[in-house]
Amino acid sequence: MCCGETLVDGNNMLGFTGREARLAGRVREMEEQNQLLRRQLSISQSHLVAAMRSSNHTPTQNFVQPTHDHPGPCPNQEADVPKCEVVHVAIVCAGYNSSRSVVTLIKSILFYSKNPLHFHLIADSVAQVILQTLFYTWSVPQAEVSFYLADNVVPDVSWIPNKHYSGVYGLLKLTLPKVLPDTLQKAIVLDTDVTFATDIAALWKIFSKLSPKQAIGLVENQSDWYLGKLWKKHRPWPALGRGYNTGVILLQLQRLRELGWGHLWRLIAEKDLITMLATSLADQDIFNAIIKQHPYLVYNLPCQWNVQLSDNTRSELCYTEVTDLKVIHWNSPKKLKVKNKHVEFFRNLYLTFLEYDGNLLRRELFGCNNTKMSLKDRELSKLNEEDPCYEFRRAHVNSLRTHLYFLDYEYEPSADGYDVTLVAQLSMDRLQMVEALCKHWEGPISLTLYMSDAEAQQFLSYALSSEVLSSRKNIGYHIVYKEGSFYPVNFLRNVGLQQVNTPYVFLTDIDFLPMYGLYSYLKKSIQVLSLDSAKKALVIPAFETQRYRITFPKSKAELLSMLDMGTLFTFRYHVWTKGHAPTNYGKWRTATTPYKIQWEPDFEPYIVVRKDIPEYDTRFVGFGWNKVSHIMELEAQGFEFVVLPNGFIVHMPHAPSFDIAKFRSSSQYRKCLKILKNEFVKDLSKRYSKVFDMEV
């Protein structure tokens, strides 16, 4: 399409330019997603209203009801916080599971919020790595994020015995006046297991209601825990009346600092621990003990701001209409499995945000002058949107939302210095390959999965229910969330490569099964061939079967027999010989020692190398030249290619990918790929002062 030419077809009757049509399509997609979410919430709310009517639901006097001091909800009233005032939110987050929970919480806040936000995350080293990457790649214009290493203040609370499942991190909210900047005067403090159902600015507004002496806003506890009536000899920590729940807190930080908060809470905790011996509900017990002695500090928040779904909860007495609900708190170890009359509504609300496309929450707050232009935005602004290859170039500069270590990961490389991690990437349609891969490779694995938010939750359920996968802690699963029209294969490979903690990597694809024992064979080969002191890439010969069920060869001898019988073939022998021809399969048949081979154009073997190699070139997306370009750069750097005589991998059959279908059916796709190839070769030649004699 020529520059300035308009598109006029059945879907574009307004004569938009290509750029306008793409923008309009994106806006329409976002609006449809938001309408769908609101419809889901509306349906769930209707179910809850019907359930409450059928049970003749009536509030009791045990919970804070609307009064002049505690006004009830007013659905049509906007929170009169200035639109550009920043709302500060503090969250303690530790470990892999907590990193997942906090994302759902933040999605629910972003969905309703109309104000700029500043999240203050007190995180352990694991969560900090995960969340820093997530927020950097998410690039939400209306949100700023600051991190504070929890390990720095753990000694302040680690002396307190705590029986709660949250461990030492469940006590860290006590240290917030110390941890957060002295310039920060107030903050909303949240547990990771809460979900918002309204604009957080309405909660921020309540700060203005606190008296000069009040420094802590809390919702009354909605169980009988602090009344000591749950079982015989139950002896809870001291509390004022029913006590308070600390899942949602308004903290006047400056007032607490002026009171000498650090000394105050420590003094009271030390005194009560003499008789109580340990906390049962972590920081909540100590907050309640403080309020018992200093009741003037607390402001009673309306109970709708912390609807608690714990065991023995009385939270249903807190709301008469669905519009009363502000914040839902899953404060039971059972989480979504907790028993509650209206749990289906609450669960649906939570699951809606869990699976909601986080990319749609990148909203500009016009008129506040607080949005910084991201590197991605600057790069995008340089592109010509009328370029026929614009979508390829846009995919190259995309910074895709990335959630590292979606599941627990525990692995220390072997002390011998020759450990190797298998690196691969996949989408939802290849998920069934992961279990088979694990049965063939016992070493560490770094997998990058390209999925939507909803698919990521399906993967989580699959992985946790799989005996094979749940028993492995040496697999790093990294989610890259879907965005754009291409499969970002090299971006995914780079994510997996960046997270490796072994000295060497085995770069492969998810649809290949390694021979049994390949992990230990590679470790020995790395040592024997001195990869630590030489630029070498070990080539693992690749084969394929066109049968979905085969008896996998247990040795090279069995594999050669299957080759002769026609059960196996050298990889892509029928369709792309050039890709693996330099491996020299004829020589490999009889080889007993490693042998060197020469690089040739279009060579794309599967290799073992040091992990500090160049990353993959992300201009190549979808199908074509994604591995070839990487191998070509290794050649430019002077790497020597050495074929291992007793190792092999076998490609398993599967349906063709969508990207290869686009490549085959679109001449423009092929034309753009050729342009990108030429640009890459020119860049490579310039960077390494090396001329490549090849036609691209």
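User: What makes β18 and β19 paired strands?

Analyst: Happy to walk through that one. Strands here are DSSP runs (E, at least two residues), numbered from the N terminus, and two strands pair if DSSP finds at least two bridges between them. Two bridges join β18 (residues 542-544) to β19, and the strands run antiparallel, so the pairing criterion of at least two bridges is met. In one bridge, Glu544 has Phe569 of β19 as its partner. By way of background, this is a predicted model in which local features need pLDDT of at least 70 and side-chain atom pairs pLDDT 80 or more, while totals for chains, interfaces and linings use all residues. Residues are numbered from 1 along each chain as its sequence is written, and side-chain values use heavy atoms, leaving out hydrogens and water.

User: Which strands stand at the edges of that sheet, and why?

Analyst: The open sheet has four strands in the order β16-β23-β18-β19, with mixed pairing. β16 (512-514) and β19 (569-570) each have a single partner strand, so one side of each lacks a neighbour in the sheet.

User: Why is Gln142 called buried?

Analyst: Buried means under 20% relative accessible area (over 50% is exposed, in between partly exposed; 1.4 Å probe, protein chains only). Gln142 has 4%, so Gln142 is buried. Gln142 lies in the loop between α3 (125-138) and β3 (143-149).

User: What does the side chain of Gln142 reach?

Analyst: The side chain of Gln142 reaches the backbone oxygen of Leu361 at 3.1 Å.

Methods: A polar contact is a pair of N or O atoms within 3.5 Å; within protein, one must be able to donate a hydrogen and the other to accept it, and residues adjacent in sequence count only if both atoms are side-chain atoms.
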